[in-house]
Amino acid sequence: NTNSITVSPFSTSVYTVLGANGICNATASTQVIVYSNPSISVVPSATNICSGQTASLLCNGASNYTLLPGSLTGSLLIVNPTVLTQYSITGSSSFGCISMAIQQISVSAVPSVSAAASTSVVCPTKSVQLVASGATTYFWSPGFSTSASFTTIPTNNVTYTLTGQTGI
């Protein structure tokens, strides 16, 4: 019995109003179109990175994206967190409908790896022991050993490279 009402339809709906002046009646209809919220997805390049690395977040399902914290926009978002960070990605459709997705990226410290040799100078056919510390897993090259320590007999001047990794 009023000249205006507020509606909140869940789907596209047609509303009809009947008006009367005491003698005559008339009807009018209007359609309210309801668009759905976008169904967004976020695909991270990694969910756990080492300190100093970046991760990319590829967003799908909406027209526009905004990332918080950071205020980045676009469908490919490059983040460089320094600590465990939870990102909120808001996606909006061309009709202004919005949805949100959450993506967490954790950050691990880079290990402080060190390598030591039992001696830095050896005679031919003599062995040298190489020892690693500071990480969880190791890879020696050349030698291709994955042990924290190994013994080798170098045949010429050689530099051994140690790669260490912690369990991220």
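Trainee: In which strand is the place of Q103?

Mentor: Q103 has its place in strand β10. Please keep in mind that this is a predicted model.

Trainee: What makes Q103 count as buried?

Mentor: Buried means under 20% relative accessible area. Q103 has 13% relative accessibility, and therefore counts as buried.

Trainee: Which residues does Q103 touch, not counting residues up to four places away in sequence?

Mentor: Q103 touches V42, P44, T47, L57, T85, Q86, Y87 and I89. Contact here means heavy atoms within 4.5 Å.

Trainee: L57 appears in that list. Which residues touch the most other members of the largest nonpolar core?

Mentor: They are L57, L67 and I89, in a core of 14 residues. Several strands each supply at least two residues of this core: β5 (55–60), β6 (64–68), β8 (76–79), β9 (85–92) and β10 (98–108). The most comes from β5, which gives 3 residues.

Trainee: With which residues is L57 in contact, leaving aside its neighbours within four places in sequence?

Mentor: L57 is in contact with V42, V43, P44, L67, S75, L76, L77, V79, I89, Q103 and I105. Two of these partners, L67 and I89, were named with L57 among the core residues that touch the most other members. As a general remark, nonpolar side chains tend to be buried together in soluble globular proteins.

Trainee: Which residues does the second, separate core include?

Mentor: That core has 7 residues, including L130, A132, A135 and F150.

Trainee: Why is A132 called buried?

Mentor: The relative accessible area of A132 is 8%, and the cut-off for buried is under 20%, so A132 is buried. This residue is placed in strand β12 (residues 128–133).

Trainee: How far apart are the C-alpha atoms of A132 and A148?

Mentor: A distance of 4.9 Å separates these C-alpha atoms, although the two residues are 16 residues apart along the chain. A148 is also in contact with A132, as are S114, Y138, W140 and L162, once neighbours within four places in sequence are left aside.

Trainee: How do you know that T152 counts as buried?

Mentor: T152 has 16% relative accessibility, which falls under the 20% limit, and so T152 counts as buried. Its place is in strand β14 (residues 149–152).

Trainee: What makes the pair T152 and Y160 a polar contact?

Mentor: The side chains of T152 and Y160 are joined at 3.3 Å. A polar contact requires a pair of N or O atoms within 3.5 Å, one able to donate a hydrogen and the other to accept it, so the distance satisfies the limit. Leaving aside neighbours within four places in sequence, T152 is in contact with K126, S127, V128, L130 and Y160.

Trainee: Where is the place of K126?

Mentor: K126 is in the loop between β11 (114–117) and β12. With the same kind of neighbours left aside, K126 is in contact with T152, I153 and P154. K126 and I153 are 27 residues apart in sequence, and their C-alpha atoms are 5.9 Å apart in space.

Trainee: Why is V43 called partly exposed?

Mentor: The relative accessible area of V43 is 46%; buried is under 20% and exposed is over 50%, so V43 falls in between and is partly exposed. V43 is found in strand β3 (residues 41–44). Together with L58, L76 and I78, V43 makes a nonpolar surface patch of about 350 Å².

Trainee: What makes S71 and F144 count as exposed?

Mentor: Exposed means over 50% relative accessible area. S71 has 55% relative accessibility and therefore counts as exposed. F144 has 60%, and so the conclusion for F144 is exposed as well. S71 has its place in the loop between β6 and β7, while F144 lies in the loop between β13 and β14.

Trainee: What is the phi of S71, and what is the phi of F144?

Mentor: Phi of S71 is near 55°, a positive value in a residue other than glycine. F144 has a positive phi of about 50°, and F144 is not a glycine either. Most residues other than glycine have a negative phi, and most peptide bonds are trans.

Trainee: Which residues does a cis peptide bond join, with omega about -5°?

Mentor: This bond joins L68 and P69, and P69 is in the loop between β6 and β7 (72–73). The peptide bond from S141 to P142 is also cis, with omega near -10°. P142 is found in the loop between β13 (137–141) and β14.

Methods:
Residues are numbered from 1 along each chain as its sequence is written. This is a predicted model: local features need pLDDT of at least 70, side-chain atom pairs count only at pLDDT 80 or more; totals for chains, interfaces and linings use all residues. Side-chain values use heavy atoms; hydrogens and water are left out. A nonpolar core is a set of buried Ala, Val, Leu, Ile, Met, Phe, Trp, Tyr and Cys residues joined through side-chain atoms within 4.5 Å. Buried means under 20% relative accessible area, exposed over 50%, partly exposed in between (1.4 Å probe, protein chains only). Helices (H or I, at least four residues) and strands (E, at least two) are DSSP runs, numbered from the N terminus. Patches are made of residues with over 30% relative accessible area and no salt bridge: like charges are joined within 9 Å, nonpolar side chains (Val, Leu, Ile, Met, Phe, Trp, Tyr) within 5 Å. Accessible areas come from the Shrake-Rupley method with a 1.4 Å probe; for residues, only the protein chains shown count as cover. A salt bridge is a side-chain nitrogen of Lys or Arg within 4 Å of a carboxyl oxygen of Asp or Glu.
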